[in-house]
Amino acid sequence: MNAHAGVRLLADRFGRRIEYLRLSVTDRCDLRCRYCMAEKMQFVPRRDVLSFEEIEALCDLFIARGVRKIRLTGGEPLVRSGVPDLAKRLGRRLDDGLDELTMTTNATRLADFARELKDAGIERINVSLDTRDPDCFRYITRWGDIDRTLRGIEAGKRAGLAIKINMVALEGLNDDEIVPMMRWCAEQGHDLTLIETMPLGHIDEDRTDRYLPLDGVRERLERDFTLLPMAERSGGPARYWQVAELGLKLGMITPLTNNFCAGCNRVRLTATGRIYMCLGHDDHLDLKSALREGGVDAASVLLNKAMFQKPEAHDFRIAPGAGEPAVERHMSVTGG
Ligand code: SAM
Ligand code: SF4
């Protein structure tokens, strides 16, 4: 039992229970993936970022109010020093309200921290890997070193972390690597999720040039592979298939071609303590101020308001030539 026991579980106006918190521990990153960030980014000042103690207090509150899964993300979560220790602290809540603690990472620093993360109670992680071609990887990330990322993934696997590869499908950049990536993931024992590029935040180019609708990709895959739909849903926008010939679990996140908001079970907390109720809307509330000025009880009251404000669905579109992002905020602020 904790201090918040007995308080209302989080549910929105549409009857959706909120059980999943995406927690961005930093908006900073050591890469600059072209679909995610501009090359020159203005990051938030460190003084505005929640301390680990504040993050822990807010996580305790979310858990008390029914959140059962927390994903640490960013930006790149592992560029903030002390994050493995934060994972250890949050990991103490596993089997004490929390069912799962996970992370999304670009794996550049995973070789250093994989073992600690596993020891903290993390069992599964998502790793961004849009290509295994060294030149294409350097181009997409602007300066990333594929060997380092692959070493990180290998270390994660050795530490016993189950790995799901996230691959943003990019027209003319990695579309011809989807099948090789499927084969590689199957060989390595990783799951694979393909993601449609979403119009979040200004980047240095027009995202619509690289937008690759996944319904077309799936049709093409179905000519060569048997895609068996899986019942599993994560409450997010992903659908899963078992690729019979490869023994691969393949996910597709299709917020553009297929909107699955109806089952949404998540909210997002930024490094500066803002809560966003939907990835596709700018609407947010300031949990950090509530916490600093009124303590956990004030933050809890603000969560009620957040539930009332959670929209039914995102409404972003992407159309050739549309250029402008649907929301100003980059994915790295709220985390993927
Ligand atoms: N840095 C970590 C990483 O790359 O895995 C975690 C944060 S990153 C924002 C989380 C996920 O969001 C990654 O899989 C990334 O590919 C994806 N992502 C970033 N910007 C995106 C966008 N505009 N559209 C779709 N996916 C995006
Ligand atoms: Fe960094 Fe992840 Fe965004 Fe790439 S996708 S720039 S690794 S936050």
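**Reading a ligand shell and the nonpolar cores**

Trainee: Which residues come nearest to ligand 1?

Mentor: One begins with the shell of residues around the ligand. In this predicted model, 19 residues surround ligand 1, and Tyr35, Gly75, Thr104, Ser128 and Met198 come nearest. By class, ten residues of the shell are polar, six are nonpolar and three are charged.

Trainee: Which strands supply at least two residues each to that shell?

Mentor: Four strands do so: S2 (69–74), S3 (100–105), S5 (162–169) and S6 (191–196).

Trainee: How should I read the polar contacts of ligand 1, and what lies 2.7 Å from its nitrogen atom?

Mentor: A polar contact pairs N or O atoms within 3.5 Å. A backbone N or O atom of Met198 lies 2.7 Å from a nitrogen atom of ligand 1. On the side-chain part, a polar atom of Ser128 is 2.7 Å from an oxygen atom of the ligand, and a side-chain N or O atom of Asn166 is 3.3 Å from a ligand oxygen atom. Ligand 1 taken alone exposes 540 Å², of which the protein buries 96%.

Trainee: How many residues does the largest nonpolar core have, and which helix gives the largest share?

Mentor: A nonpolar core is read as buried residues joined through side-chain atoms. The largest one here has 76 residues, and Phe62, Ile70, Leu72, Met182, Leu192 and Ile275 have the most contacts inside it. Helix H8 (residues 287–309) contributes the largest share of this core, eight residues. A second, separate core has 24 residues, including Leu31, Tyr35, Ala38 and Ile195.

Trainee: What does Ile275 touch?

Mentor: Leaving aside residues up to four places away in sequence, Ile275 touches residues including Phe62, Val267, Leu285, Leu303 and Ala306.

How values were computed:
Residues numbered from 1 in each chain as written. Chains lettered and ligands numbered in written order. Predicted model: local features only at pLDDT ≥ 70, side-chain atom pairs only at ≥ 80, totals over all residues. Heavy atoms only, no water. Near = heavy atom within 4 Å. Polar contact = N/O pair within 3.5 Å; in protein donor to acceptor, adjacent residues only side chain to side chain. Areas by Shrake-Rupley, 256 points an atom, 1.4 Å probe, with all protein chains shown as cover. Nonpolar A, V, L, I, M, F, W, Y, C, P; charged D, E, K, R; others polar. Core = buried A, V, L, I, M, F, W, Y, C linked by side-chain atoms within 4.5 Å. Buried < 20%, exposed > 50% of the residue type's maximum accessible area, 1.4 Å probe, protein only. Contact = heavy atoms within 4.5 Å.
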